[in-house]
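I opened this notebook to record what I looked up, beginning with one residue and moving on to the contacts between chains and domains.

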Amino acid sequence: MPKVGLFIPCYVDQLYPQVGLSTLRVLRGLGLDIEFPEEQTCCGQPMANSGCSEDARPLAEKFLRIFARYDHVVAPSGSCVSMVRNHYEQWLAGKPGFEHLRDNTFELCEYLVDVAKVTKVDGDFARKVGLHMSCHGLRELRMAKSSERMVAPFNKVKVLLEQLRGIQLVDLKRPDECCGFGGTFAVAEEAVSCLMGQDRIRDHEQAGAEVIAGFDMSCLMHLEGLLTRDKKPMQVLHVAQILEHARLS
Amino acid sequence: MKGHAESAAPFVANEPRAHWHDESLWFVRVKRDRQASTVPEWEDLRATASAIKAHTLSRLADYLEEFERNATANGIHVHWARDGAEHNAIVLRILKDHGVKRLVKSKSMLTEECHLNPYLEAHGIEVTDTDLGERIVQMRKEPPSHIVLPAIHLKKEDIGELFHIQLGTEKGASDPKYLTEAARGHLRERFLGAQAGLTGVNFAIASTGGVVVCTNEGNADMGTSLPPLHIACMGVEKIVPRPQDLAIFLRLLARSATGQPVTTYTSHFHGPLPGGEMHVVIVDNGRARILGEEAFRRSLSCIRCGACMNTCPVYRRSGGYSYGYTVPGPIGSILGPQRDPAAYGSLPFASSLCGSCTDVCPVKIDLHHELLAFRQELAKKGHVPWQKRFSMWVMGQVLARKWAFLLGGRLMRTLMPLLPRALVYGPWNPWGKQRELPPMPKESFRDLLKKEPK
């Protein structure tokens with residue numbers, strides 16, 4: 001049985017502990033051997049995306065030291081996984097274990113579909129759900145076909161959620177427009193960021209969604225912040241929180 | 001110079017207009033999707049176009065010289081300009097040699113980049129931009145706000161008002177057909193009175209020594225067919241090796257730009273009119289330097305379709321002028337700071353790095369990766385504000401140490417709920433201006449994990 005390292009992004013650890021637990025339970029439900037290495041902190045993305053790449057380097061090196069010993073690494077975040085897979089090369093190229101780590105670090109849904117080969121999701125979720133396809137998972141990990149590309153459609157999140165009994169996945173006018181979180185962009189470009197978020201929420205509203213589901217809590221934190229301020233009833237949920245109550249096989 | 005966020009603020013503050021702008025451009029993006037989806041080999045075309053550009057850029061000097069030889073054999077005068085100033089001087093000299101006082105131009109972003117119009121006007125030459133959108137912004141004394149749709153920031157009512165003042169149309173008239181007719185009459189006069197025509201170049205073909213200009217209004221043809229003198233201005237990167245290569249780009253350009261299968265006019269110029277003269281001015285203006293930078297070289301593949309602007313969620317909501325550079329949007333945010341990192345240093349940060357630009361780009365420029373690489377370049381060269389660099393250094397130091405990270409997290413989670421709201425949501429907290437912070441949980445994931453049954 002492969003040994004799986006659980007990578008819980010820093011802000012999920014501190015601000016969304018339930019999402020971490022749900023991820024753990026989903027993976028344990030498959031009978032996998034999961035371990036959460038206590039030394040982990042952050043993948044370094046905030047520093048790297050601000051241009052301060054030398055401040056991110058020690059975190060990339062630390063990440064490799066911690067996670068190199070696992071067969072697979074799984075995280076409930078497309079963005080942090082993309083950091084490892086697509087951006088660590090600049091600091092870690094040629095280091096022992098890096099290629100293995102890069103090729104074996106997965107976002108949760110990606111892991112369930114591509115590696116654990118989950119084909120059946122048995123459970124109930126009788127809600128109207130709008131799927132938020134966060135950009136890094138969508139376009140950097142290719143978790144689904146982006147609307148720009150003219151290739152055969154696929155979606156590794158939808159394929160899991162649509163099997164739940166009672167779920168209604170609503171149709172958005174813009175299926176994969178960015179919510180405007182963008183890390184430090186959310187603060188540095190506050191006005192544009194919030195307008196983008198409000199536009200996303202309106203799209204989910206017009207489609208009749210009760211829940212916005214996604215695979216990156218960072219985008220959902222931004223949308224939740226806007227929803228709460230505007231006292232809107234719509235809820236945000238991480239996909240792991242929805243799948244936690246289903247049987248996957 | 002103001003940063004992007006500051007320049008964008010007034011545009012965003014007029015929310016109905018920002019939404020109108022967003023919808024107008026999204027409409028073009030949807031048209032593009034529809035057109036692209038009718039071409040089964042779309043992704044192959046993109047890959048081929050990208051490969052042709054990479055190949056051409058890898059031996060650019062050879063192809064440029066081949067173009068020069070063939071163009072010269074076609075009777076075209078070829079000029080080389082190191083920068084915008086040289087380009088402007090060459091154009092002025094040609095015009096003076098022919099005693100030209102009135103020039104008509106069809107769309108050229110290169111001449112915008114070189115600020116040709118004010119230069120020529122200062123030397124007593126009347127310049128008329130003949131592309132309708134360009135003419136509109138020229139009358140308003142504004143630069144284009146988009147490279148393909150220069151007046152996209154204006155509503156038909158704005159144009160009615162402008163034409164009423166400039167062309168004497170009825171006050172309050174905003175019927176597009178009526179206004180276009182008025183512009184057409186006005187432009188006809190300018191075409192008939194012109195002594196020379198200047199065009200941009202979409203593609204220059206090395207093996208044939210000719211240039212190709214794509215327009216929808218036929219204004220390039222009018223401007224080059226009536227007067228005997230034609231000047232075509234191009235950046236060094238406009239070269240393609242053979243006519244076969246051109247075919248690939250022509251299938252991609254209009255579909256990506258406006259969602260049309262092809263532009264209404266694709267005009268090939270392979271020599272002067274009988275008894276006339278044709279000049280091609282080839283401009284570097286910093287491009288050779290970009291070619292030398294491995295991380296940013298691919299930005300020179302750009303065919304100026306504007307698809308990255310139409311798809312960019314930030315551009316759509318902040319408008320072309322918020323970028324402050326000739327070429328706005330994602331591609332401009334790479335080209336601008338290449339030219340002047342101090343002036344345009346905020347542009348690579350005017351992106352959520354969503355990557356839609358990369359996926360829509362017909363020549364597969366890895367735009368959002370170049371934006372990210374540019375942020376690092378700017379930080380290295382000291383163009384990122386020290387406050388940001390300092391806070392990122394502190395964050396890096398904290399996150400590199402587990403104890404510091406856990407202590408910081410615990411302090412945040414326990415203290416935040418105890419603080420008065422006015423203190424948390426003061427003007428120093430841009431997150432909280434329109435958004436709530438997430439509720440602070442009592443326990444972290446690793447706290448809860450200890451209670452989780454194995």
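I looked up B:Glu436 first: it is partly exposed, because 17 other C-beta atoms lie within 10 Å (20 or more would make a residue buried, 12 or fewer exposed, and partly exposed is in between, with C-beta atoms placed from the backbone). The model is predicted, so I note that local features need pLDDT of at least 70, side-chain atom pairs count only at pLDDT 80 or more, and totals for chains, interfaces and linings use all residues. Residues are numbered from 1 along each chain as its sequence is written, and chains are lettered from A and ligands numbered from 1 in the order in which they are written.

I then placed B:Glu436 in the loop between helix H22 (421–424) and helix H23 (445–451) of chain B; helices are DSSP runs of H or I with at least four residues, numbered from the N terminus. Leaving out residues up to four places away in sequence, B:Glu436 touches A:Gly225, A:Thr228 and A:Arg229 (contact requires C-beta atoms, placed from the backbone, within 7 Å).

Next I turned to the two chains: 59 residues of chain B are in contact with 59 residues of chain A. On the chain B side, helix H20 (residues 386–399) gives the most, with seven residues.

Last, I looked up the domains of chain A, which are domain 1 (3–115) and domain 2 (121–248), with bounds from an automatic or database domain assignment. Their C-alpha centres lie 21 Å apart. Domain 1 of chain A brings 29 residues to the contact and domain 2 of chain A brings 23 residues.

Conventions: Helix = DSSP H or I, 4+ residues; strand = E, 2+ residues; numbered from the N terminus.
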